[in-house]
Amino acid sequence: MMGAGVGSTEARISADRVGKWFGEVIAVNNCTLSVGTGVVGLLGANGAGKSTLFKMLAGLIEPSHGSVRVFGRKLREDVGWYRRVGFCPESDALPGWMTGREFLSLMLRLMGYSKAEVNTRVDLWLDRFELTAAAGRRLDGYSKGMRQKIKLAQALAHDPEVIFLDEPLNGMDPVSRKQSIDLVRELGERGRTVLVSSHILPEVEEMTSQIILIDRGKVLAEGSVTEIRDKIPEHPTTVALASAECRRLAGFLIGQEHVVGVQVETLPEGERVIVRTDHAIGFYRSLPEWILKNNLTVDEILTLDDSLEAVFQYLTE
Amino acid sequence: MMDAMNETDTMNRTSATSAPAPLPSLISIVWIAWFSVREMARRRRLISLGLINLLPVLVVLAIRIWFPGEGITAQMQLAALSHDTFIPFLIPIAAMAVGIPAIGEQVEDGTIVFTWTRPIRRRAIYLGRLFAAQMVATLLMSGSLVLCFVIMVSEGLQVITFEFLKLYLLTFMIIGLGAFTYSALFAAFGTFFKKPVLPAILFAFGWENLVSNIPARVQELSLRFHLQNLVERPPAAPDDLPGLLGALLSTSFKRDPVPEIKSVAILLVVMFLAMLLGTWLLQHKEIEK
């Protein structure tokens, strides 16, 4: 699917009709996407092709066709650009014989930092992920959550501008999960490009509203959840409006632009108007004007099915 | 929470504004090799390998205890050990144990992504890990050789003749050359094959065993032949040496020699080609995990 791209500013990550076959299995099929700054979620069920796409973008595997670029370069060939790229793999494999400190130190050493810089950064990031106490322990003794954290730390410790995080929250406890989600959001706010994959929709929803949906190796949609939601005409967005004058509000909304259905729903706590719109962004833009011009009252607006989960479900049906 | 990011931002400003270049290959190779040696040294299989390498020490010790004054000189022992123990047996085993997993294992278990996503050329990663494997294999066998020396010298300082020292240093060189060549070859095996152990065993103990014993030019197609060709022939073994040892010494050197320089050149070329092949394979390798 061709798209305008997700994230803001110019594309730092781009894929042009990229595909990957493993024997007769098509893992990724004709994907085109571009990602600017900010956090973008790569969403798809297990086996959808997220990790393969990630590996191609990060230069770990060569596409069967098409091309991928990061900063306009092929990372596999211009390896110097890895100084500006961080990669956190989905795989749990770590060099278990090393301690956490040794591992982070080596990763930074191989980025070209001096010993003093390495020590400073290692201390900062071990502390950042609350791994200081376990820094002297071998990685094969780390819990799943600790392993995730050290993988994240090695991906971020050199302060990269483009960051690939493949299922970064797997196995984390709720507190670490929350901290990591906050960190990812902060990275986006600081102008980094973060492409984060997950098959758990609420996780992605907490990190970003910018998403790329992938299913069976194909990019189904990209953009904000609301934008994507509007591109599903067979499933108009459902909006609930609480009002003291539900009947009058419903009567007005019938026949308005972007409104394809109106009904008044009676709940134990009172009535509300259920509006079905084929263009949620246009509807939300027009609603304040309608309210003001026609002296209507709306106490609460609630979108019932523009969650990532609903969008994902509709698109993969 | 943001302190770490603020500080790293500041530190990174210089590198972020300059055009990123890969780390110099030599520095990368040294770093990768240093950490790989430490990794290999902590592996359990190194203990088994160390025990296997005690075999020559036990042989020398047995001769020292049970055949003292039987005319088996230290020089003869060294030549026989080099020809019949180190070259056909210990060098291939050590090279297999450290060479096969040197690169292949990291690709297989997925941990290579951490070095692949650094500004390092893949050939530097390959050469760093290979160099580590070659060093570990060489050091293991050198340790065994040093112990042999100690046992031999314990007989008396008269053992240390010029000829003996020359042979002793030559044995070190042969072990180093053999370990470097076989390790380069087995590292390429490990990078190419999904299950490299069987092909490596077939090569080391099938092909090498068979071909190195075929007379005339055919035996030159084995690495073992060229390594054995470098071993200086000891004086003829006395006829009255006890059974197995006598048989070993009298049948060990049946070969059609070629100039030593030719053998060295062939071993170096094989090592170079194997390294070239291995780096090319890694360049095109794809991570599966």
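In chain A, strands β4 and β5 run parallel to each other and pair over 4 bridges. The model described here is a predicted one. Within this pairing, A:G86 sits opposite A:I163 of β5(A). Strand β4 of chain A, residues 85-88, is covered on both of its faces. On one side lie A:V85 and A:F87, on the other A:G86 and A:C88, and all of these residues are buried.

A second region of chain A offers a contrasting arrangement of strands. As a reminder, strands of a sheet pair through backbone hydrogen bonds, in either a parallel or an antiparallel sense. Here an open sheet of 4 strands, with antiparallel pairing, follows the order β10-β11-β9-β12 in chain A. Strands β10 (259-267) and β12 (300-303) of chain A form the edges; each has a single partner strand, so one side of each lacks a neighbour in the sheet. From one strand to the next, the twist averages 25 degrees. Inside the sheet, β9 (residues 237-242) and β11 (residues 270-277) of chain A are joined in the antiparallel sense over 6 bridges. A:A242 has A:R272, in β11(A), as its bridge partner. Helix α8 of chain A, residues 246-253, packs on this sheet and touches β9, β10 and β11 of chain A. The direction of this helix makes about 15 degrees with that of β11(A).

Two residues of chain A deserve a look for their backbone angles. A:R17 is not a glycine, yet it has a positive phi of about 45 degrees. This arginine is found in strand β1 of chain A, which covers residues 8-22. A:R17 counts as partly exposed because it has 13 C-beta neighbours inside 10 Å. A:D159, also not a glycine, has a positive phi of about 50 degrees. A:D159 is located in the loop between α4 (144-156) and β5 (162-166) of chain A. With 26 C-beta neighbours inside 10 Å, A:D159 counts as buried, the cut-off for burial being 20 or more.

Turning to chain B, helices α8 (residues 162-192) and α12 (residues 260-283) have axes that come within 8 Å and cross at roughly 25 degrees. That angle makes α8(B) roughly parallel to α12(B), since angles under 35 degrees fall in this class. The crossing of the two helices is left-handed. From α8(B), the residues making the contact include B:L177, B:F180, B:A184, B:L185 and B:F192. Those contributed by α12(B) include B:L267, B:V270, B:M271, B:M275 and B:L281. Sorted by class, the contact between α8(B) and α12(B) has 15 nonpolar residues, 3 polar residues and no charged residues.

The two chains also meet each other, in a contact that takes 33 residues from chain B and 36 residues from chain A. On the side of chain B that touches chain A, the elements giving two or more residues are α1 (3-17), α2 (25-41) and α6 (113-116) of chain B. Of these, α1(B) gives the most, with 8 residues. The residues on this side of chain B divide into 16 nonpolar, 8 polar and 9 charged. Charged residues thus take part in the contact between the chains, while the contact of α8(B) with α12(B) has none.

Terms used
Residues numbered from 1 in each chain as written. Chains lettered and ligands numbered in written order. Predicted model: local features only at pLDDT ≥ 70, side-chain atom pairs only at ≥ 80, totals over all residues. Pairing = 2+ DSSP bridges. Axes fitted to C-alpha atoms, helices over the stretch in contact; angles between N-to-C directions. Contact = placed C-beta atoms within 7 Å. Parallel < 35°, antiparallel > 145°, perpendicular 65-115°, else oblique. Left-handed = near helix turned anticlockwise from the far one by under 90°. Nonpolar A, V, L, I, M, F, W, Y, C, P; charged D, E, K, R; others polar. Buried ≥ 20, exposed ≤ 12 C-beta atoms within 10 Å, placed from the backbone.
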